[in-house]
Amino acid sequence: MHELSLHILDLVQNSLEAGAQTIWLGIVEDAEADKLTIRITDDGKGMDEATVSRATDPFVTGRTTRKVGLGLPLIQMTATQCGGHLSIASKPGQGTTVEAVYQLSHWDRPPLGNVADTIKTIIVANPGITFYYLHRVGHKAFFVSTQELKEILGDIPFSHPEVLAWLDNYLKENTANLYGGVQP
Ligand SMILES: Nc1ncnc2c1ncn2[C@@H]1O[C@H](COP(=O)(O)OP(=O)(O)O)[C@@H](O)[C@H]1O
Ligand SMILES: [Mg+2]
């Protein structure tokens with residue numbers, strides 16, 4: 001069983017490998033439309049059309065050995081099997097948007113998993129990038145950016161033990177609130 005959070009980490013890793021300085025992550029759970037959308041936009045090096053069309057080919061990779069998970073091809077397969085799709089929009093020199101859509105209620109849809117921990121990992125592991133995170137569940141939304149966190153923290157790094165504990169709690173609480181205060 002794989003969780004969508006692992007796909008999110010994969011997508012963020014792709015953006016980082018593309019040299020992104022800024023990454024926007026959006027997760028939208030829309031029960032009315034019965035859709036779950038994960039969208040990542042970066043300002044990395046982008047891809048030309050040929051690379052975009054090859055990107056979901058399981059035999060195409062930027063590395064010589066595939067890591068477990070198969071990156072975009074696996075995300076596309078899972079999304080398609082769950083009544084959704086994967087789409088990529090990219091411009092060389094400008095950046096990339098990858099969108100994975102799933103039927104929210106689909107029996108086979110993997111759970112999101114621990115999004116709060118995933119976001120924390122992304123933020124703490126990449127203090128140099130600007131990261132925006134918007135998570136919407138129905139009419140509730142949670143937004144956080146490393147920009148606002150840095151304004152609050154000043155010179156204190158994300159990896160400071162007390163900051164870590166605070167961030168952990170902040171992300172967990174706000175994510176849980178999206179689901180009516182109950183952890184999904
Ligand atoms: N955000 C991105 N920006 C630029 N290129 C990307 C991005 N995401 C994926 N790619 C391109 O698509 C290829 C396939 O990605 P992926 O399936 O995750 O495999 P891998 O990362 O293991 O190469 C990458 O090697 C890269 O060339
Ligand atoms: Mg990858």
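**Entry 1: order of the pieces**

I read along the sequence and wrote down the pattern of the protein chain: α-β-β-α-α-β-β-α-β-β-α-α. I'm working from a predicted model here. The tally for the chain is 6 helices and 6 strands.

**Entry 2: overall dimensions**

Next I looked up how far the C-alpha trace spreads along its principal axes, and I got about 45 × 35 × 25 Å. Then I checked the radius of gyration, which is 16 Å for this chain. A compact globule with 184 residues would come out near 16 Å, so the two agree.

**Entry 3: the sheet**

In what order do the strands sit in the sheet? I traced it as 3-4-2-1-5-6, an open sheet of 6 strands with mixed pairing. Strand 3 (85-91) and strand 6 (140-145) are the edges, and each of them pairs on one side only. I also noted the twist, which averages 10° from one strand to the next.

**Entry 4: strand 5 and its two neighbours**

I picked strand 5 (residues 130-137) and followed it to strand 6. These two run antiparallel, and 6 bridges join them. I jotted down some partners: Tyr132 bridges to Ser145 in strand 6, Arg136 has Ala141 as its partner, and Val137 stands opposite Lys140.

Then I looked at the turn of this hairpin, which has 2 residues between the strands. Gly138 takes a positive phi there, near 60°.

Does strand 1 (residues 22-30) pair with strand 5 in the parallel or the antiparallel sense? I found the parallel sense, over 8 bridges. One pair I could point to is Ile23, which stands opposite Phe131 in strand 5.

**Entry 5: a helix on the sheet**

Back at strand 6, I recalled that 6 bridges join strand 5 to it. Helix 5 (residues 146-153) packs on the sheet here and touches both strand 5 and strand 6. The direction of helix 5 makes about 60° with that of strand 6.

**Entry 6: helix 1 against helix 4**

I reminded myself what to look up for a helix pair: two packed helices are described by the angle between their axes and the distance between the axes.

For helix 1 (residues 4-17) and helix 4, the axes come within 9 Å and cross at roughly 20°. Angles under 35 degrees count as roughly parallel, and these two helices are therefore roughly parallel to each other. The crossing is right-handed. Helix 1 brings Ser5, Ile8, Leu9 and Val12 to the contact, while helix 4 brings Val115, Thr118 and Ile122. I sorted the contact residues and got 5 nonpolar, 2 polar and no charged.

**Entry 7: helix 4 against helix 6**

At what angle do the axes of helix 4 (residues 115-125) and helix 6 (residues 161-178) cross? I read roughly 140°, with the axes coming within 9 Å. It takes an angle over 145 to count as roughly antiparallel, and helix 4 and helix 6 are therefore oblique to each other. Their crossing is right-handed.

On the helix 4 side I listed Val115, Ala116, Ile119, Lys120, Ile123 and Val124. They meet Leu164, Leu167, Asp168, Leu171, Lys172 and Thr175 in helix 6. The residues of this contact divide into 8 nonpolar, 1 polar and 3 charged. I put a star by Val115 in my notes, as it's on the list for helix 6 and also on the list for helix 1.

Conventions:
Residues are numbered from 1 along each chain as its sequence is written. Chains are lettered from A and ligands numbered from 1 in the order in which they are written. This is a predicted model: local features need pLDDT of at least 70, side-chain atom pairs count only at pLDDT 80 or more; totals for chains, interfaces and linings use all residues. Axes are lines fitted to C-alpha atoms, for helices over the stretch in contact, and angles run from 0 to 180 degrees between N-to-C directions. Helices (H or I, at least four residues) and strands (E, at least two) are DSSP runs, numbered from the N terminus. Angles under 35 degrees count as roughly parallel, over 145 as roughly antiparallel, 65 to 115 as roughly perpendicular and the rest as oblique. A crossing is left-handed if the near helix is turned anticlockwise from the far one by less than a right angle, and right-handed if clockwise. Two residues are in contact if their C-beta atoms, placed from the backbone, lie within 7 Å. Ala, Val, Leu, Ile, Met, Phe, Trp, Tyr, Cys and Pro count as nonpolar, Asp, Glu, Lys and Arg as charged, and the others, Gly among them, as polar. Two strands pair if DSSP finds at least two bridges between them. The radius of gyration is taken over C-alpha atoms; the globule rule is 2.2 Å times the number of residues to the power 0.38.
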